[in-house]
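Welcome, and please open your viewer so that we can walk through this protein together. We will begin with the whole chain and then select a few residues one by one.

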Amino acid sequence: MTRAARCYCGEATLSFTAEPLQVIYCHCEDCRRWTGAAAPVFAAFSDDAVAGLSKLGPGRSFAKGVNRWNCRDCGSPLLGRFDYVPDQSWVPLGVIEDATGLAPSFHCFSDRRHDWVAEDGLPGSNGTGRDALNAVKND
């Protein structure tokens, strides 16, 4: 299955030539503010499986080692890349056209989870989870 993502206004689109490497929750304040979601979920794609990023222009960095791309017109968050997880592009699940079958399997920054987010038994990390996130590679 080939997946695609688009912004709210439809001007910015991405397509993916492979399925995500992993899908995770991130409870850090940066990701919550960037997406506007209280418990954001991201799908990680291999960088070389992402098409359409060149149309978006350069990413913006508000934190060292983090680049994020948003639609130039409507501002929708579209993709993030993090130095501590090289070769992976992180896409908010809410902009993916069909997220069927993309259930999260891990929580990053579990210690920052809102107290009303239900415990689901998934493994997690109280920080970035970089070791677990880097353990998943495209075969």
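**The whole chain**

Buried residues make up 45% of the 139 residues in the protein. Keep in mind as you look around that this is a predicted model.

Start with a cartoon view and colour by secondary structure. You should find two helices and ten strands. Tracing the chain from its start, the order is β-β-β-α-β-β-β-β-β-β-β-α, so pause at each helix as you pass, since these two elements are easy landmarks for the rest of the tour.Now zoom out and turn the model. The C-alpha trace spans about 35 × 35 × 30 Å along the principal axes. How does the radius of gyration compare with that of a compact globule? For 139 residues such a globule would have a value near 14 Å, and the protein agrees, with 14 Å.

Next, show the contacts. Taking those between residues at least 6 apart in sequence, 57% join residues at least 24 apart.

**The surface and its charges**

Switch on the surface. About 7,500 Å² is exposed, and carbon and sulfur atoms supply 48% of that area. Then select the charged side chains: there are 14 positive and 17 negative ones. The centres of these two sets lie 6 Å apart.

**The cysteines**

Select Cys28 and Cys26 and show their side chains. Why is there no bond between these two? The sulfur of Cys26 is the closest cysteine sulfur to that of Cys28, but at 3.6 Å it is too far for a bond; a disulfide would need the sulfur atoms within 2.5 Å. Cys28 itself is buried, with a relative accessible area of 8%.

Move on to Cys71 and Cys7. Here too the gap from the sulfur of Cys71 to its closest cysteine sulfur, in Cys7, is 3.6 Å, too far for a bond. Is Cys71 buried or exposed? Its relative accessibility is 6%, which counts as buried. Across the whole structure, the number of disulfides is zero.

**A loop to finish**

Last, select Asp83, in the loop between β8 (77-82) and β9 (88-92). Asp83 is exposed, with a relative accessible area of 62%. Add Pro104 to the selection and draw a line between the two C-alpha atoms: Asp83 and Pro104 are 21 Å apart in space and 21 residues apart in sequence.

Note on methods:
Residues are numbered from 1 along each chain as its sequence is written. This is a predicted model: local features need pLDDT of at least 70, side-chain atom pairs count only at pLDDT 80 or more; totals for chains, interfaces and linings use all residues. Side-chain values use heavy atoms; hydrogens and water are left out. Helices (H or I, at least four residues) and strands (E, at least two) are DSSP runs, numbered from the N terminus. The radius of gyration is taken over C-alpha atoms; the globule rule is 2.2 Å times the number of residues to the power 0.38. Buried means under 20% relative accessible area, exposed over 50%, partly exposed in between (1.4 Å probe, protein chains only). Contact means heavy atoms within 4.5 Å. Accessible areas come from the Shrake-Rupley method with a 1.4 Å probe; for residues, only the protein chains shown count as cover. Lys and Arg count as positive and Asp and Glu as negative; His and the chain ends are not counted. The place of a charge is taken as NZ of Lys, CZ of Arg, CG of Asp or CD of Glu.
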